[in-house]
Amino acid sequence: MITIGIDIAKFEHCACAINHDTGEFVVEPFFFKNNIEGFSKLKSSLCSIKSALIGIEDSGHYGDNLIFFLLKNNFKIALINPKTTMERRKGKLKSVKTDKQDAILITKVLLDKKDYRIMTKENYALRQLKHLTRRVHDMKKDLNVYKNRLQKEIDLVFPEFNSLFKTKYGIIYNRILKELSSAFVISNTDIRSIRKIFNMKIQGNKISLTAEELKAAATRSVGEHNGASEYQIKYLISVIELIKEQCIELKKIIEEYSLQLNSPIVTIPGISHFSGMSILSEFRDINLFPTASQLISYAGVNPYVSESGIYKSPHTSITKHGNPYLRRVLYQVILPVIHNNPTFLSYYNLKRSQGKSHRCANGHAVRKLLRIIHHLVTKDVDFNSKLLV
């Protein structure tokens, strides 16, 4: 059996091919650049063994262009978790780590089918989708950071401001902060200019606050006159609005992908196009996972088992060995799933009645959700609550 290993780096990759029946190199370890000339060099070196499996560590974006090139040229690609090669290296007590040694080690990892996942042109598209969904999640985290910074500045220049509104970050709320960024500025602004902001044509219910009430509250405010904070508020509001607009735009693109893919995962009540694609793109191809327990393990939501002799720990946390992005999405989406599905709600309540904490009961529901997702996607059937038990 011949396998090919490629160690990925930023500027230069290393590849080799080994015939494991003889233990000899079919292609000695060699380096090639991360550009079209280097890719062409690799292709010509491997053209005589094109049917062999190529192993690449799934360790970042540096190998994406190479993977796309190889798939386009009909090579068979296997993705390996970097932890697998690291454990193999430790198990052999290797004290040397070089690019050539890593490429050789990757060829040996390919001998066990349990240690890799096949990459196809179809699930490469999900790899691109993963970048989009992760970007939205990162933008939401950034949004929280900017909102916290904004609230700090508001507390300095108009600490009573938030109490005047039922909800924060509405159109009027943002417009006031953008144009009149402190109690000092508001109290010294003509009431007619303030009314213009309140008279904006907006969708939804109008706020109960009036321009006169805002000006009166600003006049009584204990907020300081701070030019630096006023500038920061205008800047932060602009950034928050921009991030929100980009999130909406990206979610529309993700929804288009979802409609094209037409996956049964979005038929589960509580799972939107965005959350459904977030889950699928992190798994890439659920059909490559023979059992639902492998999905659960990949997500790192399986319980940690601690036993030694006659001792067995009665309470353990989840392993968290899997994909952190996936795990975060699952714990976020399980709340609307429980809320929108009576079977999940009763299952959650059962676990709570057994003495499980809220977080632990959610974990049980997450594992139940993954078992359902595995069934729906592998069988290509829509969700049917009547079949749940």
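**Exercise 1. Decide how helices H10 and H11 are oriented to each other, and name the residues through which they meet.**

H10 and H11 are roughly perpendicular to each other, a statement that refers, like everything below, to a predicted model. To reach this result, begin with the general description: two packed helices are characterised by the angle between their axes and the distance between the axes. For helix H10 (residues 227–261) and H11, the axes come within 9 Å and cross at roughly 70°. Since angles of 65 to 115 degrees count as roughly perpendicular, the crossing of H10 and H11 belongs in that class. The next step is to list the contact residues: Lys251, Ile254, Glu255, Ser258, Leu259 and Leu261 on the side of H10 meet His273, Phe274, Met277 and Leu280 on the side of H11.

The connection between these two helices can be examined as well. Ser263 is placed in the loop between H10 and H11, and with a relative accessibility of 9% Ser263 counts as buried. Leaving aside residues up to four places away in sequence, Ser263 touches Ser258, Met277, Leu280 and Val377.

**Exercise 2. Classify the crossing of H12 and H15 by angle and by hand.**

The axes of helix H12 (residues 292–299) and H15 come within 9 Å and cross at roughly 130°. An angle of this kind lies outside the parallel, antiparallel and perpendicular classes, and H12 and H15 are therefore oblique to each other. As for the hand, H12 passes H15 in a right-handed crossing. The contact is formed by Ala292, Leu295, Ile296 and Ala299 from H12, together with Arg367, Leu370, Arg371 and His374 from H15.

**Exercise 3. Determine how the buried residues of helix H9 are arranged around its axis.**

Start with the burial of individual residues: within helix H9 (residues 211–220), Ala211, Leu214, Ala217 and Ala218 are buried. Viewed down the axis of H9, the buried residues fall within an arc of 130°, so they line one face of the helix. Turning to the other side of H9, one finds Thr219 and Arg220 exposed. What the buried residues pack against completes the solution, namely H6, helix H7 (183–187) and helix H8 (191–198).

**Exercise 4. Work out which parts of the chain are joined by the salt bridges Arg88–Asp115, Glu282–Arg134 and Glu179–Arg175.**

In general, side chains of opposite charge can pair when their charged atoms come close. With a cut-off of 4 Å between nitrogen and carboxyl oxygen, the count comes to 12 salt bridges.

- The side chains of Arg88 and Asp115 meet at 2.7 Å, N to O. Arg88 lies in helix H3 (residues 82–91) and Asp115 in the loop between helix H4 (99–109) and strand E6 (117–119), so the pair ties together parts that are 27 residues apart in sequence. Arg88, at 26% relative accessibility, counts as partly exposed.
- In the salt bridge of Glu282 with Arg134, the closest N and O atoms are 2.9 Å apart. This pair links distant parts of the chain, with Glu282 in helix H11 (residues 273–283) and Arg134 in helix H5, 148 residues apart. Glu282 counts as buried at 3% relative accessibility, whereas Arg134 counts as partly exposed at 23%.
- Glu179 and Arg175 form a salt bridge at 2.2 Å, N to O. Both residues lie in helix H6, 4 residues apart, which is about one turn of the helix. Glu179 has a relative accessibility of 36% and counts as partly exposed, and Arg175 is partly exposed at 32%.

Beyond these pairs, Asp58, Asp64, Arg117 and Arg127 are linked in a network of salt bridges.

**Exercise 5. Locate the positive phi values of Tyr169 and Asp380 in the chain, and state whether each residue is buried or exposed.**

Take Tyr169 to begin with: its phi is near 70°, a positive value in a residue other than glycine. Tyr169 is found in the loop between helix H5 (121–157) and helix H6 (171–179). Because a relative accessible area of 15% is under the 20% limit, Tyr169 is buried.

Asp380, although not a glycine, has a positive phi of about 55°. Asp380 lies in the segment after helix H15 (358–379). Its relative accessibility of 58% is over the 50% limit, and Asp380 therefore counts as exposed.

How values were computed. Residues numbered from 1 in each chain as written. Predicted model: local features only at pLDDT ≥ 70, side-chain atom pairs only at ≥ 80, totals over all residues. Heavy atoms only, no water. Buried < 20%, exposed > 50% of the residue type's maximum accessible area, 1.4 Å probe, protein only. Arc of directions from axis to C-beta. Contact = heavy atoms within 4.5 Å. Axes fitted to C-alpha atoms, helices over the stretch in contact; angles between N-to-C directions. Parallel < 35°, antiparallel > 145°, perpendicular 65-115°, else oblique. Left-handed = near helix turned anticlockwise from the far one by under 90°.
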